[in-house]
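Work through the exercises below with the structure open. Try each task before you read its solution.

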Protein chains: 2
Amino acid sequence: MSSRTVFFISDGTGITAETLGLSLLAHFDGIKFKQVRLPFTDSLQKARDVLPRVTAAQIEDGDRPIVVMTIVSPEVRELFQKSGALCLDLFGTFIKPLSVEFGQQPAQSTGMARRTATDEYHDRIDAIHYSLGHDDGVTEAGMDEADVILVGVSRSGKTPTSLYLAMQFGIRAANYPLIPEDLERMALPGELAQHRDKLYGLTIDPERLHRVRNERRPGSHYASLENCRKEIRAAETLMRREGIPWLDSSSRSVEEIATMILQHKKLK
Amino acid sequence: MSSRTVFFISDGTGITAETLGLSLLAHFDGIKFKQVRLPFTDSLQKARDVLPRVTAAQIEDGDRPIVVMTIVSPEVRELFQKSGALCLDLFGTFIKPLSVEFGQQPAQSTGMARRTATDEYHDRIDAIHYSLGHDDGVTEAGMDEADVILVGVSRSGKTPTSLYLAMQFGIRAANYPLIPEDLERMALPGELAQHRDKLYGLTIDPERLHRVRNERRPGSHYASLENCRKEIRAAETLMRREGIPWLDSSSRSVEEIATMILQHKKLK
C-alpha cells in the first residue's frame, strides 16, 4: 500500500481543513494517509518554520505530499504553493469568486477570531451547560427551556447526541432514559408527557446495544441480548403508542443523528 | 444593508459545507447572509425537490444566491451549477486534482457513512462518556485513563473544553475545579499532584468571569468582581508554583482552546 502525507495547515485551528480534507480523501482507496495538522500558522515566519516538514515528507514518501489549507494571507499561501506539494487551497480558490460577486475586497483577518464575541457563541456555551445539567434525566426542573428532549433506553446514544446538538448548533437538548420500570408500566417517566411536542426518541439495534452494554458491564442481565431485545421492543411500542417520532442510531454518526433531529423538529 | 441567501447543500449533514462556507463569508462585511442548510440531498429527486427554493431566493433577494456544496454525485452537482446561483463546489473542485494525483477514479459513496464503523468513532463515543463521567471533579477514580486533566476556577471554561476535546478528537479529558479551599491552602486538590504531567490550566479575565458568574448567581459573593479577582490571582499563583502550563480562555473559542491544549500536550 502506498503512503502519502497530508498536511492540514491553517492560520486558525485547522479543524475545517481537516474535516473537509478527510471527506475528500475518503473517496480514494488503497492509500495510507499520514495526517499532520499544523494549526495557528498565521505568519510568514511560522510558515517558514513548518515548511521543512512539508518538503521532508516528499523525500520520505517518494510521492509529493498533499496540503489542504485554510489560510487568509496570500503570502503564506504562496509559500506552500511553491513547496512542491499538491495544494488544495480552500480560501484562495473560493475567496476570489465571492470577492467578485460582492464587489468587495476580502478582509485580511481570520474568521474564527471574530466568532467568540458573538451572541451565537454564548448561546452555544449556555446550551452545553444546559444539556449537561439535563443529561440522563438528572432533573425535571427547567424542561420548559429545552428545545428538544431525547428519550430512549440506556446507551441508545442520547448523551453524545444531546451534547453534539448543544456544541454544534446551540440547541438545549435534555435527555431522559426509559428505564425498565417505565417500560413495564408502559408509561412515560415523570412529567415527560407534558412536553410531548419536544420529545424525540432514539432506538438501536438490540445486537449492537448488547455489545455496547457488555463493554460496560460484562455478563450482566442489563447487557444480555435477551434483555436488550426486550427493552428495545418495549421502548419502541411505548414511543409508537405515545406518538413520539424516533430514529435508529445504530449505523449513524452523532453528526447525522443530530442533523436528522434538527430537520425533523424544524429547529433553527 | 444588502441581503443574500446562502445555501449549504450536502448529501451528508452539510456541517462541513456550512463551517467552511461561514469562514469564507466572514471575510465580507455589510451583507446580511440568510443561511439555509439542506442536508441529505443525496439523489436527483431530492435535489429537484429543493431546487425551487434556490431559484426563489434570487427573486426574493434581487441578487443570485450562493450555494456551498459537498455532494458526491456529479449529476446532482450539475443541477445546482445550472441553477443560476454562484456555486462553490467543494468536492467538484478538489476531487479532480486528487484523482489525477492518485491515478484513481473517486469512489461514488459519501465519506460520512463510512465513518461510524471505525474504531476511531467508537473511541470518540467512549471519550465523551469518559469526559462526562469525570466532569467537575466528580470522581478521582479512573484518572489514570485520562489523556489530560484540566484545572481552573469555576466557570473558566473547563467543561465545554473537555467535551469538545472528547467529541472532536477522541481525547479523554477529565476536569477538576480549583475551589476556594484549595486556593486558601495553596495546594492542588485530592490526588491531582500524582498526575502532574497530565494537568493543564485554564484561566480567565476576572471581569469576564464576573459577568459569566453573575448570569448564573446574580449579586452573590461567588460572582463579585472582588472575589473573581482574588480567585484568579490565587489560581494563577498556584499553577505557577506547581509548574502547570495554562492559557487564558477569555477571548478564545472552545475550538481554539482545545487545539492549543492538543498542541502543547503533544496529544494525538
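**Exercise 1. Find the bridge partner of Ile9(A) in strand 2 of chain A.**

Solution. Start at Ile9(A) and step across to strand 2 of chain A: the bridge partner is Leu38(A). Now take Phe8(A). Its bridge partner in strand 2 of chain A is Arg37(A). Next, look at the whole pair. Strand 1 (residues 2-10) and strand 2 (residues 31-38) of chain A run parallel, joined by eight bridges. Keep in mind that this is a predicted model.

**Exercise 2. Determine the handedness of the β-α-β unit that holds helix 1 of chain A.**

Solution. List the parts: strand 1, helix 1 and strand 2, each of chain A. Follow the path through them. The unit is right-handed.

**Exercise 3. Give the strand order of the open four-stranded sheet in chain A.**

Solution. The order is 2-1-3-4, and the pairing is parallel. Then find the edges. Strand 2 and strand 4 of chain A each pair on one side only, which makes them the edge strands. Finish with the twist: from one strand to the next, the average is 20°.

**Exercise 4. Say which strands of chain A are touched by helix 3 of chain A, and which are crossed by helix 2 of chain A.**

Solution. Take helix 2 (residues 44-61) of chain A first. Helix 2 of chain A lies across strand 1, strand 2 and strand 3 (66-70) of chain A. With strand 1 of chain A, helix 2 of chain A makes an angle of about 170°. Turn to helix 3 (residues 74-81) of chain A. Helix 3 of chain A packs on the sheet and touches strand 1, strand 3 and strand 4 of chain A. The directions of helix 3 and strand 4 of chain A differ by about 155°.

**Exercise 5. Describe the open sheet of chain B with the order 6-5-7-8.**

Solution. Four strands make up this sheet, with parallel pairing. Its edge strands are strand 6 (173-177) and strand 8 (246-248) of chain B. Direction ignored, neighbouring strands are turned by 25° against each other on average. Zoom in on one pair: three bridges join strand 7 (residues 199-203) of chain B to strand 8 of chain B. Here Gly201(B) stands opposite Trp246(B). Add a helix: helix 10 (residues 225-242) of chain B packs on the sheet. Helix 10 of chain B touches strand 5 (148-152), strand 7 and strand 8 of chain B.

**Exercise 6. Work out how the two copies are related.**

Solution. Lay chain A on chain B. A turn of 180° with a shift of 0.0 Å along the axis does this with an RMSD of 0.0 Å. The two copies are therefore related as by a two-fold rotation axis. Of the residues of chain A, Thr16(A) comes closest to that axis, with its C-alpha at 3.5 Å.

**Exercise 7. Count the residues in contact between the chains.**

Solution. On chain A, 52 residues are in contact with 52 residues of chain B. Helix 4 of chain A gives the largest share of chain A's side, nine residues. Sort that side by class: 28 residues are nonpolar, 17 polar and seven charged. Now compare the two sides. 100% of the interface residues of chain A are also interface residues in chain B, so the copies meet through the same surface.

**Exercise 8. Find the element of chain A with the lowest mean pLDDT.**

Solution. Begin with the average: chain A has a pLDDT of 92, and 97% of the residues score at least 70. Among the elements of chain A, helix 5 has the lowest mean, 49, and strand 7 the highest, 98. The model's ipTM and pTM scores are 0.89 and 0.89.

Notes
Residues are numbered from 1 along each chain as its sequence is written. Chains are lettered from A and ligands numbered from 1 in the order in which they are written. This is a predicted model: local features need pLDDT of at least 70, side-chain atom pairs count only at pLDDT 80 or more; totals for chains, interfaces and linings use all residues. Two residues are in contact if their C-beta atoms, placed from the backbone, lie within 7 Å. Helices (H or I, at least four residues) and strands (E, at least two) are DSSP runs, numbered from the N terminus. Ala, Val, Leu, Ile, Met, Phe, Trp, Tyr, Cys and Pro count as nonpolar, Asp, Glu, Lys and Arg as charged, and the others, Gly among them, as polar. Copies are superposed by least squares on the C-alpha atoms of residues with pLDDT of at least 70 in both. pLDDT is the predictor's confidence in each residue, from 0 to 100. Two strands pair if DSSP finds at least two bridges between them. A crossover is right-handed if, with the strands pointing away from the viewer, the path from the first strand over the helix to the second runs clockwise. Axes are lines fitted to C-alpha atoms, for helices over the stretch in contact, and angles run from 0 to 180 degrees between N-to-C directions.
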